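Biologist: I'd like a close look at a single part, please: start with how strands pair up, then work outwards from there to whatever else is worth a look.

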Amino acid sequence: MGVGIEVKALNAWYGSNHTLQDIELNIPANHATALIGPSGCGKSTFVRCLNRMHETNPIARVTGTVRIGDLDIYHDISPVEIRRRVGMVFQRPNPFPTMSIYDNVCGGMELNGFRNRRELDEIVERSLRNAALWDEVKDDLKKKSGASLSGGQQQRMCIARALAVDPEVLLMDEPASALDPVSTSKIEDLIFQLKSQYTIVIVTHNMQQAARVAEKTGFFLNGRMVEFDSTHKIFTNPSDKRTEDYITGRFG
Amino acid sequence: MKGNRGRTLRSLWRSGVDHMATALAILATVLVVAPLIAIFFYLVYKGASSLNWAFFTQIPKPEGEVGGGMANAIVGSAVVLFVASLFGIPIGIGGGIYLAEFGRGTRLANAVRFTADVLNGVPSIVMGIAAFSLIVVPMHHYSALAGGVALGIMMIPTVTRTTEEMLLMVPHSVREAALGLGVPNWRSVISITLKTASPGVITGCMLAFARVAGETAPLLFTALGNQFWSVSLNHEISALPLQIYNYAISPYDDQHRQAWAGSLVLIALIVIAVSLVRFFTSRGTLKGAS
């Protein structure tokens, strides 16, 4: 089951570049929340602060509070542990190139020392079914390399890989931006199904995509969150002039 | 009409340049491969006639006598190279991992990289002297161990630098994939980054191996050479390059012929060793893996 995310006074830097400024936000559990905004507005940095991937960059710094469920992720838990609870899907599919489809999907479990073969088989099947990829790959699980799949299949495999470690939150950083329209619509269907079980945060450049999959939408601009509301409100009747300018295509 | 003709001329010119470039590339390839083939055929020509069963099974005959073989040198080379690989490859790979993954941008890493590059340029005879004073002098005798360590030290810089470069070629996104799954960094480095880079790392190890397999100078006052059977790490041991060197400067024709045969065998063994490693490490590669 998903859990809610509560962000208070979040600030983030890359070197001297203040990329996120005083973000306050409550992301509801078991819903999809979309983050939109022009390139470089900080939305990717923001999701990377939610699983502490931001700090893997040596020049990065962050202050503020992020509560996921009842955990303060910057105080109560190690970065490695929080990433097992908060899964991430990246902009470009990033399979482990030397591994089979099977090993890719259970990679997160195996690399963390989980070795029960029978349970791994079940986890792999369940995750691939959840990612709507099972029927396409079930005959080649251990024969084919994960990197031999098409881009769209690779991305669904990466989603399966993230689901396999059984997270509570799923972060998606423009998960369909490198994919063709058919693969994109498959990923969107998937998000639609998954949000009953997981809290999903999706960064997207595609406003139709945000409108299709998300109940809530946040608009980021220049490192600040300008507006956060129900998706319907953001796209039909935004309160802020800048949000309106962005969604009507006046800039960005 | 005029424009049309201009276009034809231009396309002629372009295809001419294209053919030129191809021809130059082929010429360069021939120039690269030619010396190798020439050396190989000359070795076959000079050495093959002296290759016989005895060469692979017998130890050298006393000075002046005809016959005998280099069996002890072949085995000795294997022993010394085994020690060298055991010593040089793990240290080299460890150093490469440090440079690429943990020490990136630090002063220590820059110092290590610089040292490795300098070490790579140190003449091999100096490596021999170093191993002599570090191992032979304290142990009071020459040994296979000292020879292996001397060659192992020579392997380190090549292995370190290729490991570093191969690790740096692994896309950042692959590392992020592992970290994003909650895999600890050390585990990600070993099981993901190093594994992804392993074909290149193995090539680096093989290059280093092939290079030191033919080294004579570092063995001159470490392994020393031995006319008799020995596989002990604690005693002086024969090695193919040493035996070739000794026979090549000897006054006897039969020994000259054996030196040629030894050179041929040395090259053949290096090729076989490298091919075997390639064969065994490429097995189990998956369909479509890059």
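Modeller: Quick ground rule before we zoom in: two strands count as paired if DSSP finds at least two bridges between them. Keep in mind, too, that this is a predicted model.

Now put β7 of chain A, residues 169-173, in the middle of your view. β7(A) runs parallel to β8(A), residues 199-203, and five bridges join the two. One pair to click on is M172(A), whose bridge partner in β8(A) is I202(A).

Zoom out a little and you'll see that both strands belong to an open, six-stranded sheet of chain A, ordered β6-β7-β8-β3-β9-β10, with mixed pairing. Where does that sheet end? β6(A), at 86-89, and β10(A), at 224-230, are the edges; each has a single partner strand, so one side of each has no neighbour in the sheet. Ignoring direction, neighbouring strands are turned by 20° against each other on average.

Follow β7(A) back towards the N terminus and you reach the loop that joins it to α7(A), residues 151-164, which is where D166(A) sits. Have a look at its backbone: D166(A) isn't a glycine, yet its phi is positive, about 55°. Is D166(A) buried or exposed? Neither, quite: it has 16 C-beta neighbours inside 10 Å, so it counts as partly exposed.

Next, lay a helix over the sheet. α1(A), residues 43-50, lies across β3, β6, β7, β8 and β9 of chain A, and runs at about 150° to β8(A).

Back to I202(A), which turns up again in the largest nonpolar core. That core has 140 residues, and the ones touching the most other members are V201(A), I202(A), V80(B), M155(B) and A223(B). The biggest contributor is α6 of chain B (144-169), with 13 residues. As a general point, nonpolar side chains in soluble globular proteins tend to be buried together. For M155(B), the contacts further off in sequence are A84(B), G88(B), I89(B), G92(B), A208(B), F209(B) and V212(B).

That brings us to where the chains meet: 21 residues of chain B are in contact with 26 residues of chain A. On the chain B side, the elements giving two or more residues are α7(B), at 172-180, and α8(B), at 185-213. α7(B) supplies the largest share, seven residues. By type, that side of chain B splits into 10 nonpolar, seven polar and four charged residues.

So what covers the buried residues of α7(B)? The cover includes α2, β6 and α4 of chain A, along with α8 of chain B, and β6(A) is that edge strand we met earlier. The buried residues in α7(B) are V174(B), R175(B), A177(B), A178(B), L179(B) and G180(B). Just after the helix, G182(B) takes a positive phi of about 80°.

One last stop, for contrast with D166(A). H140(B), in the loop between α5(B) and α6(B), is another non-glycine with positive phi, about 65°. H140(B) has 7 other C-beta atoms within 10 Å, so it is exposed.

Notes: Residues are numbered from 1 along each chain as its sequence is written. Chains are lettered from A and ligands numbered from 1 in the order in which they are written. This is a predicted model: local features need pLDDT of at least 70, side-chain atom pairs count only at pLDDT 80 or more; totals for chains, interfaces and linings use all residues. Two residues are in contact if their C-beta atoms, placed from the backbone, lie within 7 Å. Helices (H or I, at least four residues) and strands (E, at least two) are DSSP runs, numbered from the N terminus. Ala, Val, Leu, Ile, Met, Phe, Trp, Tyr, Cys and Pro count as nonpolar, Asp, Glu, Lys and Arg as charged, and the others, Gly among them, as polar. Axes are lines fitted to C-alpha atoms, for helices over the stretch in contact, and angles run from 0 to 180 degrees between N-to-C directions. A nonpolar core is a set of buried Ala, Val, Leu, Ile, Met, Phe, Trp, Tyr and Cys residues joined through C-beta atoms within 7 Å. A residue is buried if 20 or more other C-beta atoms lie within 10 Å of its own, exposed if 12 or fewer, and partly exposed in between; C-beta atoms are placed from the backbone. Lists of a residue's contacts leave out its neighbours within four places in sequence.
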